[in-house]
Every structure is written in structure tokens, then in C-alpha cells.
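Work through the exercises below with the structure in view. Try each task before reading its solution.

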Amino acid sequence: MGKIKKLWRKIKKVLRKTPLAPLWRKLWKLPPMKKLKKYIAKKRKDHLLYKTLPRAYNAHRNEPVDEKKVIFIELRLPAISNSFRVLYDELEKNYNFDIHVHLLRNTFVSRDEYVKRCKNMLADVATAKYVFVNEASDVLSCIDKRPETIVTQLWHACGAFKKFGKSTADLIFGPNAEQLERHPNNRNYTYVTVSSPEIVWAYAEAMDLKGKEDIIRPVGTSRTDVFFRQETIDQAFEHLYEKFPAARGKKIILYAPTFRGRVAKAKTPKCFDLEKFYEALHEDYVVITKHHPLVRKLPKIPAELRDSFAYDATKTMSIEDLLCVSDICISDYSSLIFEYSLFERPMLFYAYDLDEYFDWRGFYYPYDELTPGPVCTTNEEMIDYIQHIDERFDKQKVVDFRNKFMSACDGHATERIMDLVFGQEVLENNRK
């Protein structure tokens, strides 16, 4: 397979430098060539997940397990993310575990580099006692995990809003059922931690764990513990005023949409009208935007509003900080609303493309019943609601929503997760 790959690269390199390049590009778009391309991609993936990567794991799986080795695996992001941060900091600060971090950077590095990182990660996992993940991965699912290793899926979101995993098999967003059977994304878990008993069924469906619901533990989501710390909230305001001085003395509107399209080519919506918000609300409010971390091309804020009314915090502030400081949150289909409900503050839902998004990805609960705030399709509707928010905001809806979907998030989720995964005896024996 390696020789074929090298030969194919040489052919493409030569073709790009010849006058035949435009003709080749047209030829490549013809149905027979598309079919051939799809066939080659399928064979490459089969070889990677059935042979190359398992071989890297199996080369070390008979070696002794390191009882102190703890591994965190980030699939895409360039550093330890907020899904891991509380647990990672606790283990590093207070315990004598040997902590390893693997940053796979899927879709952000070349394929060869990605494969190299995956092989290194699996070789390391083969002798690890504890492994933590926060996304689904066909890489970790392609091996026959040794029983001594405990794999815990912390997941990167709370609640159960838009569908994911096997729940999307028949929708535009997801792979088909045959692909998921061929290359599963959620095998080898010992535990899956979630934010409430209410949503266990949704994760069982999404992760193909029906009949294995005992794996899914509603002990809370580790990342939410920071919202119960006054120090975190105080630091968030300090960070806000340092980055955006114009926010001081104003109320904060957070606009945090989820992405559109597929993960590898994630795009952000462009229908939010900052000029209209400025005209109606600038005396009392400022707007801070936080786009999804997978979005690479960010829309520009108009120069006349920048630094005085509107600020893009996508690359400069964490979502945790922004949830702490915001008076109002505007989102669409993002799971951050579950975390924001912990503050019991107003939420608006800018769902201008609801029908399209439903066909694309779908939801676990009826959208209108799920959302604990007004569903709007225009900027004017959102502005009108904010102008009359004191008489229109129904706090009880948010409280009921929080109790239903976030009941296990009380500031002590990380403690319960550590007890579940490590056990009290191991923790005591490894305490610094």
C-alpha cells in the first residue's frame, strides 16, 4: 500500500507541472473517476484502521501496564482543552501520576503527520492504565483494547441537543450506517460521563451503547466545575476588561453560534447584524462574539464598531470566561446553552435556518420544547426581546431546563469522576 501511495503522489506531482493539468482536473470530476477515487480512499482507510494502526498498538500490548500512566487524547485542538482542563490540573497538581498528552490535530496537519501521531499515541496507550478522551475517534476504536486499561469518555459538551454519532447515520451530516459498522467511532469505553440521568438514552443511541447503558454514568461534566468557583468568575471579568475595556459598565450580550457544514470545513453563520444591534442597544449593551473553535475563517467586525461596541473573542477568551461574564446569551444549536443554564440568565435562539439544520443534523428533543427562551428568525425579533427583557424573561423555564439536563453538575463532578475511574485507594496511594 505504501508503494502505491508513493507512486500516486509522483504521478500527481508530474501532472500538476504539465499543460495537461486542467484536462486532468476535469477528468477527475467525471463519475467513473469519482467512483475510483472513493474506492481508493476506502481501501486506504481500511488499511490504516485494520492494519497500520492496530499494528502500532499490538507491538506493545503484551508489555506490563504502567499503573501510573494517564493519557489525555486531543483529536483536533492544539492544546489541552476545557473538557480536560479541570481534571488534568487536579491530577498534575495533587497526584503522582505519569501524565501524557497526545495532540493528534486531525485535519490540521498533513495525513502522514496525523498517522504518525496516531501510531505514537496507540503505542503509548498500549501500556497505559488510564486513558481520557473527549471526542469520538475511529483511531482509538480500531484496536482490541486490553482489559486492564480504563478508557473514559468525558465528551466535550453537556446535555443532548443536536444529534451526533450513530444518531446521524441517516442524516446529511453523518456517515452512513455501513461506514459506522465498518469503522466504529465509540468502541472501547469503560465509562462515559454525562451531565444528567435524563440524557443517558441519547448517548446510548449516539455511541451505539444500547444494552450497555451501565457504561454511561450521570456523575456530571468535569468542565462545569469552574462555574461554581468565585475565583473563576472574578478572573473572567478581569480578562474581559483587559481585552475589551469598552465592556466596563455595560451589559454583555454573548453571541455564540455553532458551526454549519461538516467538521473539516466548518463555517460560521453570517446573518447576525451588528449594525442593527448597535443602533438599538449601544447605550446599555456591548456584543461579544465567540465562534466555534473549528471555524477557521472568521467574519470581520465593522471597523466603526470594533473596540467600542463589538468584539470578537474567538481567539482571545475561553467560552468559560464568556459564559461567566455575559448577561444574555444568543446561540442557535450549540450545547453551550446547557452550561449557561447554570447561571439561570436569559437565552435567545437565533434559528433562522431551523428547517435546513433539522434536515442536516436533527435534534434529540423537539426544538421548540427544548429551548428555554424565545426562538427568533430575525435580528429585529432578538432586539425587540432584549429591549423588553425585564418583563419577558421567564427564569423558571431556565431553572426547569437546568434541573432536567444539568442535575449532576454541582461543582463536584471532577471529584466523582476521579472516584469512579481511579477509586479512593489508588488516589490516596498516589497523592502528593
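Two strands count as paired if DSSP finds at least two bridges between them. The model used here is predicted.

**Exercise 1. Give the strand order of the open sheet that contains β7, and find its edges.**

Step 1. Follow the pairing from strand to strand. The order is β9-β8-β7-β10-β11-β12, and the pairing is parallel.

Step 2. Look at the ends of that order. β9 (310-312) and β12 (375-376) each have a single partner strand, so one side of each is left without a neighbour in the sheet.

Step 3. Check one pair in detail. β10 (residues 328-331) and β11 (residues 347-350) are joined in the parallel sense by 3 bridges. Within this sheet, C329 stands opposite M347 in β11.

Step 4. Add the helix. α15 (residues 379-387) lies across β7 (251-255), β8 (285-289), β10, β11 and β12. Its direction makes an angle of about 170° with β11.

**Exercise 2. Do the same for the open sheet that contains β1.**

Step 1. Read off the order. This sheet has 6 strands, arranged β2-β1-β3-β4-β5-β6, with parallel pairing.

Step 2. Name the edges. They are β2 (98-103) and β6 (216-217), each paired on one side only.

Step 3. Take the pair β1 (residues 66-74) and β3 (residues 128-133). They run parallel and share 5 bridges. D66 sits opposite A128 in β3.

Step 4. Place two helices. α4 (residues 82-94) lies across β1, β2 and β3, at about 150° to β1. α18 (residues 413-421) lies across β3, β4 (150-153), β5 (191-193) and β6, at about 175° to β5.

**Exercise 3. Describe the largest cavity: what is its volume, and which residues line it?**

Step 1. Count first. The structure holds 1 cavity of 30 Å³ or more.

Step 2. Give the volume. The largest cavity encloses about 60 Å³.

Step 3. List the lining. It consists of I73, E74, L75, L104, M121, V133, N134, E135, A136, S137 and L140.

Step 4. Sort by class. The lining has 7 nonpolar, 2 polar and 2 charged residues.

Step 5. Tie this to Exercise 2. I73 and E74 line the cavity, and β1 covers residues 66-74. V133 is also in the lining, and β3 covers residues 128-133.

**Exercise 4. Which residues are closest to the centre of the second largest pocket?**

Step 1. Start with the volume, about 310 Å³.

Step 2. Turn to the lining of 16 residues. The closest to the centre are P184, N186, R187, M207 and D208.

Step 3. Split the lining by class: 7 nonpolar, 4 polar and 5 charged.

**Exercise 5. How compact is the protein chain as a whole?**

Step 1. Take stock of its elements. The chain has 19 helices and 12 strands.

Step 2. Compare the radius of gyration with the globule rule. The chain gives 24 Å, close to the 22 Å that the rule gives for 432 residues, so it is as compact as a globular protein of that length.

Step 3. Add the extent. The C-alpha atoms fill a box of roughly 70 × 65 × 40 Å along the principal axes.

Technical notes. Residues numbered from 1 in each chain as written. Predicted model: local features only at pLDDT ≥ 70, side-chain atom pairs only at ≥ 80, totals over all residues. Heavy atoms only, no water. 1 Å grid on protein atoms, 1.4 Å probe; cavity = no way out; pocket = protein on both sides within 12 Å on 5 of 7 lines; lining within 4 Å. Points joined across faces, edges and corners; volume = space filled by probe spheres on them. Nonpolar A, V, L, I, M, F, W, Y, C, P; charged D, E, K, R; others polar. Helix = DSSP H or I, 4+ residues; strand = E, 2+ residues; numbered from the N terminus. Contact = heavy atoms within 4.5 Å. Axes fitted to C-alpha atoms, helices over the stretch in contact; angles between N-to-C directions. Rg over C-alpha atoms; globule rule 2.2 N^0.38 Å.
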